[in-house]
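Let's take a walk through this structure, one piece at a time. Keep the 3D view open and turn it as you read.

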Amino acid sequence: MPYNLKPTYIHREQPEYFDDILPDSMAWQSDIYRLAGKLARESEARFLVDIGCGQGDKLAQFGTEFALIGYDYGNNIAACKAKYNSAVWLEHNLNEQPIEAGIFSHSVAICADVIEHLTDPSALLETLRNAAQTANYVLVSTPDRQRVHKKDHDGPPVNKYHVREWTLAELQGWFEAEGLPVKDWRAKHKAESK
């Protein structure tokens with residue numbers, strides 16, 4: 001099964017580029033950024049590395065605490081460079097090549113709401129393997145297809161920017177089959193934030 005999705009799952013062939021300009025973009029995936037900041041403080045990380053940073057707003061809030069590195073391409077990375085000079089913004093298309101392991105040393109790596117946008121996520125998986133070698137923590141999040149649709153959904157995704165969507169169990173199974181260690185932080189994080 002490709003990407004650990006059932007054979008009947010329909011992938012979107014041509015997703016639209018996601019230009020991260022929505023006024024509510026700070027609300028999406030904000031929990032993972034709070035968790036990244038917390039883990040970076042606890043582990044004495046020096047860097048936050050955002051893999052697929054969009055327009056950088058969620059990462060930039062940590063500019064007084066950590067050195068920041070953001071990866072994206074097109075309009076998103078151009079906007080980062082125009083808005084925030086307190087970080088290193090690197091043009092990088094995750095559909096094409098992985099990010100090397102060295103960049104993740106002494107960091108917490110964040111990959112929030114990215115994998116579902118990629119036509120070929122193999123370079124991202126290689127990036128996550130590289131990050132797992134040297135980063136203090138690697139945090140990955142993506143919308144859970146089952147929770148979003150409240151039922152089994154065979155695709156293509158309703159969101160025109162998404163190529164495919166996973167349930168948590170599917171994504172975890174795929175990552176583990178690819179040799180990526182997985183730890184579900186949701187339950188622990190929810191308990192601590194109450």
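Start with helix α6, which covers residues 168-177; here E170, L171, W174 and F175 are buried. Viewed down the axis of α6, its buried residues fall within an arc of 125°, so they line one face of the helix. Turn to the face pointing away from that buried side and you'll find the exposed residues A169 and A177. One thing to keep in mind as you look: this is a predicted model.

What covers the buried residues of α6? The cover includes α4 (122-134), β5 (137-141) and α5 (145-149). Follow the chain just past the end of α6 and you reach G179, which takes a positive phi of about 85°.

Now move over to strand β4, residues 107-112. Here 6 of the 6 residues are buried, so β4 is largely enclosed by the rest of the structure. In a regular strand, side chains alternate between the two faces of the sheet. You can see two sets here: S107, A109 and C111 point one way from β4, while V108, I110 and A112 point the other way, and all of them are buried.

Which strands pair with β4? One of them is β1 (residues 47-51), which runs parallel to β4 and pairs with it over 4 bridges. To find this pairing in the view, look for F47, whose bridge partner in β4 is S107, and for L48, which stands opposite V108 in β4. Another partner is β5, which runs parallel to β4 and is joined to it by 5 bridges. There, A112 of β4 has S141 of β5 as its bridge partner. To get from β4 to β5 the chain passes through α4, and this β-α-β crossover is right-handed.

Go back to β1 for a moment. This strand is mostly covered, with 4 of its 5 residues buried. β1 also pairs with β2 (residues 67-72), again in the parallel sense, over 5 bridges. A handy marker for that pairing is V49, which stands opposite I69 in β2.

Before leaving this region, have a look at the loop between β3 (88-91) and β4, where N93 sits. Is N93 buried or exposed? Its relative accessible area is 17%, and since buried means under 20%, N93 counts as buried. A polar atom of the N93 side chain lies 2.8 Å from the backbone nitrogen of N95.

Next come the charged side chains. How many salt bridges are there? The count comes to 11, and a few of them are worth finding in the view.

Try E16 and K160 to begin with: they form a salt bridge in which the closest N and O atoms are 3.7 Å apart. E16 lies in the segment before α1 (30-42) and K160 in the loop between α5 and α6, so the pair ties together parts that are 144 residues apart in sequence. E16 is partly exposed, with a relative accessible area of 43%, and K160 is also partly exposed, at 39%.

Then look for D57 and K83, whose side chains meet in a salt bridge at 2.8 Å, N to O. D57 belongs to helix α2 (residues 57-60) and K83 to helix α3 (residues 74-83), so this pair ties together parts 26 residues apart in sequence. K83 counts as partly exposed, at 42% relative accessibility.

A third pair brings you back towards where we began. The side chains of R129 and E178 meet in a salt bridge at 2.8 Å, N to O. This pair links distant parts of the chain, with R129 in helix α4 and E178 in the loop between α6 and α7 (186-192), 49 residues apart. R129 is partly exposed at 23% relative accessibility, and E178 is partly exposed at 33%.

Finally, some of these contacts join up. Salt bridges that share partners connect K6, R145, D152, D154 and E170 into one network. You've met E170 already, as one of the buried residues of α6.

Technical notes:
Residues are numbered from 1 along each chain as its sequence is written. This is a predicted model: local features need pLDDT of at least 70, side-chain atom pairs count only at pLDDT 80 or more; totals for chains, interfaces and linings use all residues. Side-chain values use heavy atoms; hydrogens and water are left out. Buried means under 20% relative accessible area, exposed over 50%, partly exposed in between (1.4 Å probe, protein chains only). The arc is that of the directions from the helix axis to the C-beta atoms. Contact means heavy atoms within 4.5 Å. Two strands pair if DSSP finds at least two bridges between them. A crossover is right-handed if, with the strands pointing away from the viewer, the path from the first strand over the helix to the second runs clockwise. A polar contact is a pair of N or O atoms within 3.5 Å; within protein, one must be able to donate a hydrogen and the other to accept it, and residues adjacent in sequence count only if both atoms are side-chain atoms. A salt bridge is a side-chain nitrogen of Lys or Arg within 4 Å of a carboxyl oxygen of Asp or Glu.
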